[in-house]
Amino acid sequence: MKIIAYISFLLLTITSAFGQWTQTSGPSGGGVSDFAFVDGKILAASFDLGNGVFASTDNGASWSESGLQGIMLTKIAANGNTVIAASTNNSYNETDTIYRSGDGGGTWQKVMTVSNINRITSICHHDQQWFLST
């Protein structure tokens, strides 16, 4: 009897760990390259059509523009209310531009342009520092 109870518990645990996915309408700007979660909202970095950052405060049911429209973004990451986004503005010149928001994606500032690379592939925050990978 104990074996059946253990197996039942194990199956219940595994089933709960692999919850169901729900398709949402998605941002209207086109393809999404990356997501970040900050202060109760989902931020999506878009690389297509409308480009820029889109935000959802209702778990992806609806989306609104949240800055950097017209810019093709490749990555986005958040730590607290600080959000960093990277764009590949011109692959011919091999430059990426880094943008920062200190208010959870409400307003954005250009932080720097990184020359001689084409496409930042990862952004990570650790120990009070931001790390970029190309």
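**Burial, contacts and backbone angles in a predicted model**

User: Why is Leu-132 called partly exposed?

Analyst: In this predicted model, Leu-132 has a relative accessibility of 37%. Buried requires under 20% and exposed requires over 50%. The value for Leu-132 lies between these limits, so Leu-132 counts as partly exposed. Leu-132 is located in strand 10, which spans residues 129–133.

User: What makes Leu-132 eligible for a nonpolar surface patch, and which residues form that patch?

Analyst: Patch residues must have over 30% relative accessible area, and Leu is among the nonpolar side chains considered. Leu-132, at 37%, passes that cut-off and is therefore eligible by accessibility. Together with Val-111 and Met-112, Leu-132 makes a nonpolar patch of about 230 Å².

User: How do you know whether Ala-45 is buried or exposed?

Analyst: The relative accessible area of Ala-45 is 0%. Since buried means under 20%, Ala-45 is buried. Ala-45 belongs to strand 2, residues 41–46. Beyond its neighbours within four places in sequence, Ala-45 is in contact with Gly-31, Val-32, Ser-33, Asp-34, Gly-52, Leu-73, Lys-75 and Ile-76. Ala-45 and Phe-35 are ten residues apart along the chain, with their C-alpha atoms separated by 6.2 Å.

User: Asp-34 is among the contacts of Ala-45; what makes the analysis assign no salt bridge to Asp-34?

Analyst: The nearest side chain of opposite charge is that of Lys-75, 4.1 Å away. A salt bridge requires a side-chain nitrogen of Lys or Arg within 4 Å of a carboxyl oxygen of Asp or Glu. The separation of 4.1 Å is not within 4 Å, so Asp-34 has no salt bridge, although it is buried.

User: Which backbone atom lies 3.1 Å from a polar atom of the Asp-34 side chain, and how do you know that the distance satisfies the polar-contact limit?

Analyst: The atom is the backbone nitrogen of Ile-76. The limit for a polar contact is 3.5 Å, so the distance of 3.1 Å falls within it. Asp-34 itself sits in strand 1, residues 32–38. Not counting neighbours within four places in sequence, the contacts of Asp-34 are Leu-43, Ala-44, Ala-45, Thr-74, Lys-75 and Ile-76.

User: Why is Asp-39 called exposed, and what is notable about its phi?

Analyst: Asp-39 has 65% relative accessibility; exposed means over 50%, so Asp-39 counts as exposed. Its phi is near 50°, a positive value in a residue other than glycine. Most residues other than glycine have a negative phi. Asp-39 lies in the loop between strand 1 and strand 2.

User: Why is Leu-68 called buried, and what is its phi?

Analyst: The relative accessible area of Leu-68 is 13%. That is under 20%, and Leu-68 is therefore buried. Leu-68 has a positive phi of about 60° although it is not a glycine. Leu-68 is found in the loop between strand 4 (64–65) and strand 5 (73–79).

User: How do you know whether Gly-102 is buried or exposed?

Analyst: Its relative accessible area is 57%. Because the cut-off is over 50%, Gly-102 is exposed. Gly-102 lies in the loop between strand 7 (95–101) and strand 8 (109–115). Aside from neighbours within four places in sequence, Gly-102 is in contact with Asn-81, Thr-82 and Thr-107. The C-alpha atoms of Gly-102 and Val-83 are 6.5 Å apart, although these residues are 19 apart in sequence.

User: In strand 9, what makes Ile-123 buried and His-125 partly exposed?

Analyst: Ile-123 has 12% relative accessibility, under the limit of 20%, so Ile-123 counts as buried. His-125 has 25%, which lies between 20% and 50%, so His-125 counts as partly exposed. Outside four places in sequence, Ile-123 has contacts including Lys-75, Ile-84, Trp-130 and Leu-132, while His-125 touches Asn-79 and Trp-130. The C-alpha atoms of Ile-123 and Ser-133, ten residues apart along the chain, are separated by 6.5 Å.

User: What is the overall element content, and how many residues form the basis of the buried percentage?

Analyst: The protein has one helix and ten strands, with the helix preceding the strands from the N terminus on. Buried residues make up 35% of its 134 residues. The protein exposes about 8600 Å², of which carbon and sulfur atoms supply 54%.

Methods: Residues are numbered from 1 along each chain as its sequence is written. This is a predicted model: local features need pLDDT of at least 70, side-chain atom pairs count only at pLDDT 80 or more; totals for chains, interfaces and linings use all residues. Side-chain values use heavy atoms; hydrogens and water are left out. Helices (H or I, at least four residues) and strands (E, at least two) are DSSP runs, numbered from the N terminus. Buried means under 20% relative accessible area, exposed over 50%, partly exposed in between (1.4 Å probe, protein chains only). Lys and Arg count as positive and Asp and Glu as negative; His and the chain ends are not counted. A polar contact is a pair of N or O atoms within 3.5 Å; within protein, one must be able to donate a hydrogen and the other to accept it, and residues adjacent in sequence count only if both atoms are side-chain atoms. Contact means heavy atoms within 4.5 Å. Patches are made of residues with over 30% relative accessible area and no salt bridge: like charges are joined within 9 Å, nonpolar side chains (Val, Leu, Ile, Met, Phe, Trp, Tyr) within 5 Å. Accessible areas come from the Shrake-Rupley method with a 1.4 Å probe; for residues, only the protein chains shown count as cover.
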